[in-house]
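Q: I am new to this one. Could you walk me through it?

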Amino acid sequence: MLRYFTAGESHGEALVAFLSGMPAGLEIDQAFVDRELWRRQQGYGRGGRMKIERDSAHILSGVRHGKTIGSPISMQLENRDWKNWQQSLPVEAGDPEKHKRVASPRPGHADLAGALKFNFPEARYVLERASARESAARVAIGAIAKLYLRALGIEVLSHVVTTGAVTVSEQVPWEKVKALYDREEVLLNCADKELELRMKEEVDKVLKTGDSLGGVFEVIAHNVPPGLGTYAQWDERLDGMLAGAVMSLQAVKAVEIGSGVAAAFSPGSLVHDEIGYAATSGFTAFSRTRNNAGGIEGGISNGEEIRVRGYLKPISTLRRPLQSVDFSTREPVKAAYERSDVCVVPAAGVAAEAMVALTLARCALDKFGGDSLTETVRNFQGYCQQIKNF
Ligand SMILES: Cc1cc2nc3c(=O)[nH]c(=O)nc-3n(C[C@H](O)[C@H](O)[C@H](O)COP(=O)(O)O)c2cc1C
């Protein structure tokens with residue numbers, strides 16, 4: 001069973017990520033892991049922090065001589081900002097005068113609910129963990145999951161569908177999304193260059209007015225065999241697992257599989273993907289005329305591309321803050337402001353790729369098993385042969 005979790009505060013010394021259950025013998029490409037971390041830091045509309053952080057995953061365990069050894073993998077991501085926070089966020093008691101209070105909760109952030117829940121007088125500790133800095137740790141372990149999936153021929157990438165009022169209305173083909181991955185400069189990670197420039201104008205508007213923006217990203221998993229996940233039990237459905245994984249990301253407020261939202265407003269004849277039997281490539285000779293299902297039927301991958309969209313609410317820290325209440329005096333004040341991103345759709349897409357990759361890797365391991373990669377790949381190939389001959 002593939003298991004993973006993370007630890008670390010946003011301005012603490014480091015983030016830590018754990019990944020347990022990865023088979024032995026998987027080659028770890030450190031440059032690939034660090035490039036994934038770099039991708040999460042990109043995008044127009046990010047705050048100043050991205051300029052000081054250049055994330056790198058320091059592997060502490062589970063990898064020897066460049067390959068996984070089947071024991072738990074742990075990684076550390078240094079917070080370069082820690083040097084500026086050692087006095088105000090120490091592990092030991094420290095000097096209370098130097099603590100940086102978050103005096104008034106930001107509407108939309110975890111500040112108020114977290115302070116009430118954990119009985120904190122203000123929200124510093126809340127934002128330290130609720131912050132999406134945590135998603136960097138997920139991207140690090142997600143990169144290992146991607147390397148594992150790559151050994152089975154599966155790839156996972158994302159692109160931006162909506163920023164503010166600008167939306168890509170056509171379905172974007174895999175090749176165009178793959179081409180985005182090779183870009184050395186990331187603006188809004190949109191496959192349509194003209195729309196990308198219009199998205200930038202949307203971000204410019206909120207940068208001027210002290211506001212923020214949300215949007216929509218789409219994660220595509222390419223070359224996934226039919227048969228991952230199952231309808232046999234509610235919590236083993238692939239659609240449910242993916243929805244939970246993507247929704248667990250900070251600021252994601254809705255998840256859509258395939259054309260799920262439009263499907264609810266359309267007759268069946270316009271939604272369901274008709275079946276043929278003439279395919280010359282792919283896992284089987286069965287074919288589909290379209291992919292409104294987003295590659296999943298009955299909680300099982302059906303051999304088409306898996307397409308999952310995440311809908312992000314706008315960033316809640318505003319340079320022109322909304323109304324709030326002072327934690328100490330209970331008087332009305334403006335919400336706290338701390339250096340912040342104004343738009344993060346491309347970065348959220350990268351974090352969601354990690355969550356999708358971890359989910360698919362878990363399902364693939366459930367299906368194909370294997371303590372070593374050799375064993376997994378042998379089982380995978382045997383299954384591919386079985387469905388080819390079906
Ligand atoms: C990549 C990424 C970066 C984010 N950066 C910020 C930020 O700089 N400022 C902020 O207020 N929220 C930011 N958020 C969103 C908050 O983390 C999130 O809204 C908050 O933790 C409350 O959780 P919720 O929105 O899921 O309810 C970011 C989210 C993501 C995915």
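Q: How do the residues of the shell around the ligand divide into nonpolar, polar and charged?
A: This is a predicted model. In it, the shell around the ligand consists of 7 nonpolar, 6 polar and 3 charged residues.

Q: Which residues are the closest to the ligand?
A: The ligand is surrounded by 16 residues, and the closest of them are A251, K313, T317, S340 and D341.

Q: What does D341 do there, in terms of distance to a nitrogen atom of the ligand?
A: A nitrogen atom of the ligand and a polar side-chain atom of D341 are 2.8 Å apart.

Q: And which residues have atoms listed against an oxygen atom of the ligand?
A: One is K253, where an N or O atom in the side chain is 3.0 Å from a ligand oxygen. Another is A130, which has a polar backbone atom 3.1 Å from an oxygen atom of the ligand.

Q: How much of the ligand's accessible area does the protein cover?
A: On its own the ligand has 630 Å² of accessible area, and the protein covers 87% of that.

Q: Which pocket does the ligand take up?
A: The ligand occupies the space of the largest pocket.

Q: Changing topic: how many disulfides are there?
A: Searching the whole structure gives 0 disulfides. For C190, the nearest cysteine sulfur belongs to C343 and is 12 Å away, so C190 is in no disulfide, a pair being counted within 2.5 Å.

Q: Is C190 buried or exposed?
A: C190 counts as buried, because its relative accessibility is 0%.

Q: What about C384, where is its nearest cysteine sulfur?
A: That sulfur is in C363, 16 Å away, and C384 is in no disulfide. C384 is also buried, with a relative accessible area of 17%.

Note on methods. Residues are numbered from 1 along each chain as its sequence is written. This is a predicted model: local features need pLDDT of at least 70, side-chain atom pairs count only at pLDDT 80 or more; totals for chains, interfaces and linings use all residues. Side-chain values use heavy atoms; hydrogens and water are left out. A residue is near a molecule or strand if one of its heavy atoms lies within 4 Å of it. A polar contact is a pair of N or O atoms within 3.5 Å; within protein, one must be able to donate a hydrogen and the other to accept it, and residues adjacent in sequence count only if both atoms are side-chain atoms. Accessible areas come from the Shrake-Rupley method with a 1.4 Å probe; for residues, only the protein chains shown count as cover. On a 1 Å grid over the protein atoms alone, a cavity is a set of points where a 1.4 Å probe fits but cannot get out, and a pocket is an open set with protein on both sides within 12 Å along at least five of seven lines; lining residues have an atom within 4 Å of a point. A molecule sits in a cavity or pocket if more than half of its atoms lie within 2 Å of its grid points. Ala, Val, Leu, Ile, Met, Phe, Trp, Tyr, Cys and Pro count as nonpolar, Asp, Glu, Lys and Arg as charged, and the others, Gly among them, as polar. Buried means under 20% relative accessible area, exposed over 50%, partly exposed in between (1.4 Å probe, protein chains only).
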